[in-house]
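Q: Please pick one helix in this model and give me a close look at it. Then work outward from there, so I can see how it sits in the rest of the assembly.

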Amino acid sequence: MTAVKQGAPEEGALEEGAPEKRAVAVPPARPPARGGAVTLRWVAARVLGWSVLAGFAVAVLYPLLWMVLSGFKDNQEIFEQPWGLPGALRWENYARAWELGVVRYFTNSVIVTVASIVATTLISAWAAYGLCRLRMPFGNAVALLVLGGLLLSPTVALIPLFRLLTSIGLFDTYWALIVLYTAFRVPFTIFLIRAYMIELPREVDEAATLDGASPTQIFWRVILPMCRPILVSAALLQALFAWNEFAFALVFVSDDAMKTLPVGLMAMQSRLLTDWPVVLAGLTIAALPTILLFLAGQRQFIRGLTEGVGK
Amino acid sequence: MGALLTRWRTVVWVLPAVLLLLVFVYYPIADNLRLSLFSWNAFSPEPRFVGLDNYAEAFGDPVFWRALLNNVAYAVVSLVCQAGVSLVLAALLEELVGRRLRGLLRTLYFIPAATSITVAGVLFSFLYNPRYGLVNEALQAVGLGHLARAWLGEEGSAIWSVIAMSQWQGIGYTAVLFVVAIQRIPREFFEAARVDGAGPVRTFFSVTLPMVREMTTLVVILTISGAFLVFNEVMVMTSGGPDNSSQVLGTWLYHQAFFEDDMGYAAAVATVVFVVTFAIAALQLALSRRRRDDA
């Protein structure tokens, strides 16, 4: 996948990049030029198109909206007026969800997510640096090893990993998740960062070397700062992954006090079977961080996705 | 000598990544192959070599085939929705909507993909609830009450209900990928099509579709391999029930390993998943290599 990578223009990875050009080139669809008149068929087609777009927006949004609103209801309101608005903003549901376990799961998720972001981004940036800016023995073999890592999926490794983690004493610790989230995401992240790093001009390193900088200094002071945009993308995607990961968190952590949100929520749902509002409030709290993160860093997110997906 | 040493010192940069990969990614996969040839459980210290017995057991097990079939169903529905419907959505978005509103809709569509599968799964199990769920309420409201059922509790509908939830979560994600691909098409192509008098539908088939082929291939492959790896959705919503009717290979191996304590059998199922997904991924790699060589 080709991508824009040179400094400034790259900022507009999506259509924001060329607003004027686009405005000229693709005027919003007009009635067909031939007849000039607005035909019935043309109107019908547009109405249909718009209904599809709007219908999908509603289908996507309504369940989420229902989740947030139902978090404010009481049981009676949920069961008797499932479509209605809550009679009052019962923040106490959210408070109760928080106290009944969400706070603990939330903390665990934050710990695991933050640690794995730092580890994944750093380890991948080091490897990308070694692979594309230094002359390294067996560089191709390492690149192949990393590439192969992209093809291997976590589900397949559950049983041997269970044995391995038990035997080295990582089972039921934060480290189990941090290490695995890093190991399984490093290949993707290396390729993501490498694709960006490889485009930085050679002269940068050469100039720094002439000034007497060592490879280590060049990495920390020159290359890493220049890679900031892609590092942000990498970190955001890792956050989404780690915050939402379920299979490893289910199998390798059994102590309820160590559970992360995805697994903890399930435990909560079975504990509070009849208390829908509190569970729904808990779901809302759990969903909020990644949604906010996505809204805030949308452009970096999408750049990471479209870049990474093509590697 | 000094130069050689300097060259070798560069290995340090990739060492952490390589070690992590070897120990936690490659070794387990290899170990899984080995373990699938043994009969053992979590408490037996001495695994017993049984050759291909675990595979024979799996291939003779109707639940294994049921699970595989469910994976295939997952793949087919996801292909239609996440490669087909998403592309149409993306094209409509580009064709009809002005810049500002388009950005907003794109954001909206992506939001389910930013929530975790647990959140989506638990939320949908409320929506599917036979007594109070919105799905049945909605059906009754429009006079289709006879269609109402215990969506996740009946053998006929459980896996389809899970698959439907997955589409809700996945369509927006691939639609965003397609939007980006469409935006990379040089504007002149659309211009030329318009000058030639092509309408939007014609333009879609003769410009958009061929020009996003690369992304389509990619989405197709990601979707298929995703369908064979699916685990979380099923685990959260049905755990494979009722009566194993919604098992997929991932949940079936989990069930065998951690509930039936038949680790060898589970490892054999894992190997099957590995072979399928590895073949798909290798195919993707081969395709993208060839494209690069063509270019």
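A: Let's go with H11(B), where the buried residues are Met215(B), Leu218(B), Val219(B), Leu222(B), Thr223(B), Ile224(B), Ser225(B), Ala227(B), Phe228(B) and Leu229(B). Keep in mind that this is a predicted model. The helix runs over residues 213-229 of chain B, and its 17 residues should span 24 Å at 1.5 Å a residue; the end C-alpha atoms are 24 Å apart, so the two agree.

Now for where H11 falls in the annotation. An unreviewed UniProt entry marks "transmembrane region" at several places in chain B, including residues 218-237. Among the others it lists are 105-128 and 158-182. In the model, residues 158-182 of chain B are 100% helix, with end C-alpha atoms 36 Å apart. Residues 105-128 of chain B come out at 88% helix and 0% strand, and there the ends lie 26 Å apart. UniProt also places "domain: ABC transmembrane type-1", again from an unreviewed entry, at residues 68-284 of chain B. That span is 76% helix and 0% strand, and its end C-alpha atoms lie 22 Å apart.

Stepping back to the whole of chain B, you get 14 helices and two strands. Its radius of gyration is 24 Å, well over the 19 Å that the globule rule gives for 295 residues, so the chain is more spread out than a compact globule. Along the principal axes, the C-alpha atoms fill a box of roughly 80 × 75 × 30 Å. Even so, 44% of the residues in chain B are buried. Of its contacts with a separation of 6 or more, 69% join residues 24 or more positions apart.

Chain B has a partner, of course. In all, 76 residues of chain B are in contact with 83 residues of chain A. On the chain A side, helix H3 (residues 40-70) gives the largest share, 13 residues. That side of chain A is made up of 65 nonpolar, 13 polar and five charged residues.

For a second helix to set beside H11(B), try H6(A), residues 139-151 of chain A. H6(A) has 13 residues and reaches 19 Å from first C-alpha to last, close to the 18 Å expected. Val142(A), Val146(A) and Gly149(A) are its buried residues. Looking down the axis of H6(A), these fall within an arc of 50 degrees, so they line one face of the helix. That fits the usual geometry: an α-helix has 3.6 residues a turn, so residues three or four places apart point the same way. Over on the other side of H6(A), Asn140(A), Ala141(A) and Leu144(A) are exposed. The cover over the buried residues of H6(A) draws on both chains, and includes H5 (91-133) and H8 (174-197) of chain A along with H2 (11-35) of chain B.

As for chain A overall, there are 15 helices and zero strands. Buried residues account for 43% of its 311, and 77% of its contacts with a separation of 6 or more are between residues 24 or more positions apart. UniProt lists "domain: ABC transmembrane type-1" here too, at residues 106-297 of chain A in an unreviewed entry. In the model those residues are 79% helix and 0% strand, with the end C-alpha atoms 21 Å apart.

Technical notes
Residues are numbered from 1 along each chain as its sequence is written. Chains are lettered from A and ligands numbered from 1 in the order in which they are written. This is a predicted model: local features need pLDDT of at least 70, side-chain atom pairs count only at pLDDT 80 or more; totals for chains, interfaces and linings use all residues. Two residues are in contact if their C-beta atoms, placed from the backbone, lie within 7 Å. Helices (H or I, at least four residues) and strands (E, at least two) are DSSP runs, numbered from the N terminus. Ala, Val, Leu, Ile, Met, Phe, Trp, Tyr, Cys and Pro count as nonpolar, Asp, Glu, Lys and Arg as charged, and the others, Gly among them, as polar. The expected span of a helix is 1.5 Å times one less than its number of residues. A residue is buried if 20 or more other C-beta atoms lie within 10 Å of its own, exposed if 12 or fewer, and partly exposed in between; C-beta atoms are placed from the backbone. The arc is that of the directions from the helix axis to the C-beta atoms. UniProt positions are given in the numbering used here, feature names are shortened, and annotations may be inferred rather than shown by experiment. The radius of gyration is taken over C-alpha atoms; the globule rule is 2.2 Å times the number of residues to the power 0.38.
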